[in-house]
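Visitor: Could you take me through the salt bridges in this model, close up, and then show me how the parts around them are built? I'd like to follow it residue by residue.

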Amino acid sequence: MWRLINREIGKATENEEKLELRIGNKLISNRTEITDKLNTHFVSTVEELVKENSNGSVCNLKIKQCPNSIFIYPVTEEEEEEVISLTKSLKGKPTAGDDDIPENVVKQCVQLIKGPLAHICNLSLKTGVFPDIWKTAKVKPLYKKGDKYDMKNYRPISIIPVFAKLLERVMYNRIISFLYENKILSEAQNGFRKGQSIDTAVQSFIGMIQKALDKRVHTFGIFIDLTKAYDVLNHKLLLKNYFITVQGAPLTYGLGLI
C-alpha cells in the first residue's frame with residue numbers, strides 16, 4: 001500500500017524509479033515493454049538450455065520401488081486444527097499472490113474460514129485436482145549481480161496465493177510422513193529434510209576427507225553448479241519415476257518413488 005501511495009505522489013523507491021533494461025543499443029523503461037521482454041527471456045532461456053543439454057539419451061537408472069501404498073488422510077472437522085496450525089506457521093508477509101490476499105490477513109481471520117479451507121483441501125485430495133486459480137503466480141524479476149541493465153542478471157521469483165501454500169503444505173505433511181515411515185529417503189540427502197541442512201552436508205564431506213587423509217588416500221572433489229536446474233528438469237522422466245495413481249478407494253494412492 002505504501003509503495004502505491006509513494007508512487008502516486010511521486011516518491012517512488014530508487015529501484016522502481018530506475019528500472020531500465022538494455023535491448024541491443026537501446027534502453028527501455030516502459031513497464032509493459034520490460035514485462036514482455038523479461039517474460040520472453042525467462043521462458044526462452046529455459047528452452048535454449050534444454051536444447052543445448054539434450055542429446056536424446058534417456059536415463060535408465062534402476063529405481064527402488066516401495067511396495068507399500070500411501071493413504072492420503074483427509075482434514076476432518078476434528079482436525080481443522082491442522083489448517084489453523086499451518087496458517088499460524090506462515091511468516092505473515094504483506095506480499096500477496098494473484099488474488100491480492102496477503103498472508104497476514106489470512107492469519108488474522110483463519111478462525112472464520114477454517115471450515116471452507118478444510119473442505120477445499122479435502123476436495124483437492126479426493127479428486128486429485130489442484131485449483132487452477134491457485135496455480136497463477138505473480139512473477140517478480142530479482143536482480144542478482146552484474147550489469148543492472150542486462151536482463152540476464154535477473155531471475156524470476158514466483159509469488160503464489162497463500163491458499164496454494166496451505167494446500168501444498170497439507171499434501172507435503174502426508175507425503176513426508178510416508179517417506180520417513182518407510183525409510184525411503186537416503187541418509188545422504190541433506191536438503192529438504194528436518195534436522196538436515198547445508199551445514200550437515202559440509203560436516204559429512206569434511207568427515208570423508210579426514211578419513212581419506214588418515215588412510216593416506218588421494219582425495220579430490222567435483223562440484224557441479226547447474227544453471228536453472230529445477231527449470232530444465234525433465235518432467236516426463238520425473239513423472240515416470242514418481243507417480244501417484246488412484247487405487248479405487250477414496251484418498252488411497254499407490255506411490256512409485258524416486
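Guide: Happy to, and let's start with one acidic residue: D147 is partly exposed, because its relative accessibility is 32%, which lies between the 20% limit for buried and the 50% limit for exposed. Please keep in mind that this is a predicted model. The side chain of D147 meets that of R22 in a salt bridge, with 2.6 Å from N to O. D147 sits in the loop between β4 (138-143) and β5 (154-159), while R22 belongs to strand β1 (residues 21-23), so the pair ties together parts that are 125 residues apart in sequence. R22 also counts as partly exposed, at 38% relative accessibility.

The general idea will be familiar: side chains of opposite charge can pair when their charged atoms come close. In the whole structure, a search finds five salt bridges, and two others are worth a look here.

One of them joins K138 and D100, whose side chains meet at 2.9 Å, N to O. This pair also links distant parts of the chain, 38 residues apart: K138 is in strand β4, and D100 is in the loop between α4 and α5. K138 is partly exposed because its relative accessible area is 33%. D100, at 54% relative accessibility, counts as exposed.

The other joins K135 and D132, with 3.3 Å from N to O. Both K135 and D132 are exposed.

Now step back to the chain that holds these pairs. The chain has nine helices and seven strands. Of its 258 residues, 22% count as buried. Among contacts with a separation of 6 or more, 56% are between residues 24 or more positions apart. The accessible surface comes to about 19,300 Å², and carbon and sulfur atoms account for 56% of that.

The loop that carries D100 follows on from α4, as it runs between α4 and α5, so let's look inside that helix next. In α4 (residues 80-88) you will find E82, a charged side chain with an interesting setting. E82 is buried, because its relative accessible area is 16%, and the limit for buried is under 20%. Leaving aside neighbours within four places in sequence, E82 is in contact with V75, V170, N173 and R174. E82 has company in α4, where E80, V83, I84, L86 and T87 are buried as well. The cover over the buried residues of α4 includes α5 (103-108), α6 (110-127) and α7 (162-181).

V170, one of the contacts of E82, brings us to the nonpolar interior. The largest nonpolar core has 24 residues, and F163, L166, V170 and L179 touch the most other members. At least two residues of this core come from each of α4, α6 and α7. The biggest contribution is from α7, with 10 residues. F163 is a good one to click on: not counting residues up to four places away in sequence, F163 touches D99, I101, V106, I113, L117 and W134. Another core lies apart from this one, with seven residues, among them L21, I28, L38 and F42.

Past α7, the backbone has a feature to check. K183, in the loop between α7 and α8, has a positive phi of about 50 degrees although it is not a glycine. K183 counts as exposed, because its relative accessibility is 73%.

Then comes α8, which has 17 residues and reaches 24 Å from first to last C-alpha, close to the 24 Å expected at 1.5 Å a residue. F205 lies in α8 (residues 198-214), and at 35% relative accessibility it counts as partly exposed. With I198, V202, I206, M208 and F223, F205 forms a nonpolar patch on the surface, with about 640 Å² of accessible area together.

After α8 comes R216, whose phi is positive. The value is near 60 degrees, in a residue other than glycine. R216 is found in the loop between α8 and α9 (235-241), and it counts as exposed because its relative accessible area is 79%.

To finish where we began, D147 and R22 make the bridge at 2.6 Å, K138 and D100 the one at 2.9 Å, and K135 and D132 the one at 3.3 Å.

Conventions: Residues are numbered from 1 along each chain as its sequence is written. This is a predicted model: local features need pLDDT of at least 70, side-chain atom pairs count only at pLDDT 80 or more; totals for chains, interfaces and linings use all residues. Side-chain values use heavy atoms; hydrogens and water are left out. Helices (H or I, at least four residues) and strands (E, at least two) are DSSP runs, numbered from the N terminus. Buried means under 20% relative accessible area, exposed over 50%, partly exposed in between (1.4 Å probe, protein chains only). Contact means heavy atoms within 4.5 Å. Accessible areas come from the Shrake-Rupley method with a 1.4 Å probe; for residues, only the protein chains shown count as cover. Patches are made of residues with over 30% relative accessible area and no salt bridge: like charges are joined within 9 Å, nonpolar side chains (Val, Leu, Ile, Met, Phe, Trp, Tyr) within 5 Å. A salt bridge is a side-chain nitrogen of Lys or Arg within 4 Å of a carboxyl oxygen of Asp or Glu. The expected span of a helix is 1.5 Å times one less than its number of residues. A nonpolar core is a set of buried Ala, Val, Leu, Ile, Met, Phe, Trp, Tyr and Cys residues joined through side-chain atoms within 4.5 Å.
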